[in-house]
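The following report describes a single protein chain, moving from its overall make-up to its helices, its cores and some individual residues.

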Amino acid sequence: MIRAVTYERQSHKSETDSQASPKMQRNKSVAYINSQDNWTHIDTDYSDIGLSGYDPNVYRPGFERLMEDARARKFDVVVIYMLSRLTRQGAAEAMQIQQELAKCGVAIVSTQEPFINTSDDNPFGVAFFALIAGLAHQESKNKSKFIRDAFKELKARGSHSSGPVPYGFDAEPVQVDKITVRKLKPGTVSDADIGPESTPADNVRYIIAQAEEGAKENAIATDLTERGARTPLGSLDEKAAEARRKASRARRKGGSSDEADNEWSSTVVRRILRDPRLAGFAIGPVDPKTKHREILRDEEGQPVRPHEGFIGPKRWYDLQAVLDGRKRTRRVDRAGTLTFLGSWGALRCGLCDAGMTVSNADETYVCNLRRSVGDVPKHVLRIKMKDTNNVVAALLWAKVAALDPGDDDDVALLAAAAERFAVQGADPEAAAELAEQEAQLAHVQKSMKELYADRDDGLYEGPTGRAAFKDTIQKYRAHETRCAARVDELRAAASTATRLPLEAWTGNGDDDPLAKGGLWSRWDVPEQRAFLSLFADHVIVGPATTKRGTAFERIRERVEVVWATPDEGESDNNSVTA
């Protein structure tokens, strides 16, 4: 009896873990064995799923077992569906396999290529074997190049071509210039509260809203865990989740990872918030220093935006500025209270320049530096909230009422306030474009600084590195130039069309805006903050120096308002104090 075995291989494991192709190959091979006289099937599993036959660096355990058992003379014939299942590395590699099997007395037979039969009684089989192996190798080379070129084209268009769909998104194929690309769009939302029944899209929207309110990644992660919201891993089915775990463990080389279905971490929250796809941008390479995904840009440096995002570009850029600590947010204190000066960066500690938060227990603004930082010792700086609000409001309105068009400092302050008010009062479409262009400008300038720092750290050494640096910085510069020019145009247009309504604010001196029932008391906290932002950059609080005088006088001695001056581009000297 001739002992026969089968070998099957499938290059790419399907998303559904389907093994239809290997099963078909095996069924065909077993049927061929059963059709031969004096042949018996040795039922041993020699198969490789999801492994290439073209890449010489791929280890195929099924194939290695086959060769090991051949050397042990455990069978006489290997039956394959097609020669390409055995190898795609070319005639030389195929002949080496054939010759080693022949030394062990083992022949190769193909069910779909009957002229491939390397048994002793078929002298033409080996020749055909070498010919077909060469053709299979050339086919793989052509296919590999086609796939690389196709992926390159899809990537240039921003298609989500490979990898898992980002958390909270769905992917759908769409036609763009007769090319099918995978477009991302937000997934299904529900009416459920954030928790076990909320969808991934619900959770992403919640994470964005919390971050925009000023919540830190750790706090958001803790909140989601307490609510029982499903993590990106917990939202997958069992097989997909296990595959993600294995890939994660391989990347971390055995390190810890977020494996619990509802155990959120600040890392996961940060990864979601930093993803450019939230705003519909296509993603480019990972920044080697920050480990964040960069925005894919076209040849002119413009962001590629093929997807439908959860938020617009302006909100995403602003969100990145908030995460970087470069932008004030509409922050509330831990108890959820929105105050005039606390927790949004307007009030700064005179000892360490940090933003002051709110202590509701004793109704104070406070800076609590728990450890020394550089030359700044640890400290606790407090100031009464109500009195500070009154002092700053009094200083603000006194300044506005006394503005003198003949004083150079007042002219500069009026120009700065007019410029900021023009931006606030521009028509919604122009204001939105200006805000987005300013955000893009800040983002690309930050990216340029990081790129220069990476070069200084030696990350772009050698000809290839220098070429990559030059290409990237040219795109950044082109985009910076366009954004800066458009920002200047929009600001000029807004300033021309808008003037400060000083008479409406001051009432021609007849009305006191700080009186009971006056304009200041009628404004809510966001309106008061917006008015302060027109005329002041921030307020500095110094330590207490005396206990003499009234509460107002003592607070006045500690408070210094840094008034605004017109934006002068790169100049850092754009504020005056009073």
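Among contacts in the chain between residues at least 6 apart in sequence, 62% join residues at least 24 apart. The model is a predicted one, and its chain contains 18 helices and 16 strands. Of the 578 residues in the chain, 40% are buried, while the accessible surface comes to about 31500 Å², with 50% of that area belonging to carbon and sulfur atoms.

**Helices H10 and H11**

Helix H10 covers residues 313-324, and because 12 residues at 1.5 Å a residue should span 16 Å, the distance of 16 Å between its end C-alpha atoms agrees with expectation. The buried residues in H10 include Trp 316, Tyr 317, Leu 319 and Val 322, and also Asp 318 and Gln 320.

Helix H11 has 17 residues and reaches 24 Å from its first C-alpha to its last, close to the 24 Å expected at 1.5 Å a residue. Its buried residues are Met 385, Thr 388, Asn 389, Val 391, Val 392, Ala 393, Leu 395, Leu 396, Trp 397 and Val 400. An α-helix has 3.6 residues a turn, so residues three or four places apart point the same way.

Thr 388, which has its place in helix H11 (residues 385-401), counts as buried because its relative accessibility is 0%. Leaving aside neighbours within four places in sequence, Thr 388 is in contact with Leu 341, Tyr 365, Ile 383, Ile 555 and Val 559.

**Nonpolar cores**

The largest nonpolar core has 43 residues, and the members that touch the most others are Met 356, Tyr 365, Trp 505, Phe 531 and Phe 535. Helix H11 supplies the largest share of this core, with eight residues. A second, separate core of 29 residues includes Tyr 206, Ala 221, Ile 272 and Phe 281. In soluble globular proteins, nonpolar side chains tend to be buried together.

Phe 535 is in contact, beyond its neighbours within four places in sequence, with Leu 396, Val 400, Leu 403, Leu 413, Ala 417, Trp 505, Trp 563 and Ala 564. Leu 396 and Val 400 in this list are also among the buried residues of H11.

**Aromatic rings**

How many aromatic pairs does a search of the whole structure find? The search finds 16 aromatic pairs. One of the pairs is formed by Trp 397 and Trp 520, whose rings are edge-to-face, 6.1 Å centre to centre and with 85° between the planes. This pair links distant parts of the chain, since Trp 397 belongs to helix H11 and Trp 520 to helix H16 (residues 519-522), 123 residues apart. Trp 397 counts as buried because its relative accessibility is 5%, and Trp 520 counts as buried at 10%. Both tryptophans also belong to a cluster in which ring pairs link Phe 340, Trp 397, Trp 520, Trp 523, Phe 531 and Phe 535. Phe 531 and Phe 535 thus appear in this cluster and also among the listed members of the largest nonpolar core.

**Around Ile 97 and Phe 63**

Ile 97 is found in helix H4 (residues 91-103) and is buried, with a relative accessible area of 4%. Not counting residues up to four places away in sequence, Ile 97 touches Phe 63, Met 67, Leu 86 and Thr 87. Ile 97 and Met 67 are 30 residues apart in sequence and 8.7 Å apart in space, C-alpha to C-alpha. Phe 63 has a further partner in Arg 60, which lies over the face of the Phe 63 ring, at 4.5 Å from the ring centre.

**Positive phi in two loops**

Asn 38 has a positive phi although it is not a glycine, and the corresponding statement holds for Asp 353. Asn 38 is found in the loop between helix H1 (20-35) and strand E2 (39-41), whereas Asp 353 lies in the loop between strand E10 (347-349) and strand E11 (357-359). Asn 38 is exposed, and Asp 353 counts as partly exposed. Their values are set out below.

| Residue | Phi | Relative accessible area |
|---|---|---|
| Asn 38 | about 65° | 55% |
| Asp 353 | about 70° | 46% |

Methods: Residues are numbered from 1 along each chain as its sequence is written. This is a predicted model: local features need pLDDT of at least 70, side-chain atom pairs count only at pLDDT 80 or more; totals for chains, interfaces and linings use all residues. Side-chain values use heavy atoms; hydrogens and water are left out. Helices (H or I, at least four residues) and strands (E, at least two) are DSSP runs, numbered from the N terminus. The expected span of a helix is 1.5 Å times one less than its number of residues. Buried means under 20% relative accessible area, exposed over 50%, partly exposed in between (1.4 Å probe, protein chains only). Contact means heavy atoms within 4.5 Å. A nonpolar core is a set of buried Ala, Val, Leu, Ile, Met, Phe, Trp, Tyr and Cys residues joined through side-chain atoms within 4.5 Å. Rings of Phe, Tyr and Trp (its six-membered ring) pair if their centres lie within 6.5 Å; planes under 30 degrees apart count as stacked, over 60 as edge-to-face and the rest as tilted. A charge sits over a ring if NZ of Lys or CZ of Arg is within 6 Å of the ring centre and within 35 degrees of the ring normal. Accessible areas come from the Shrake-Rupley method with a 1.4 Å probe; for residues, only the protein chains shown count as cover.
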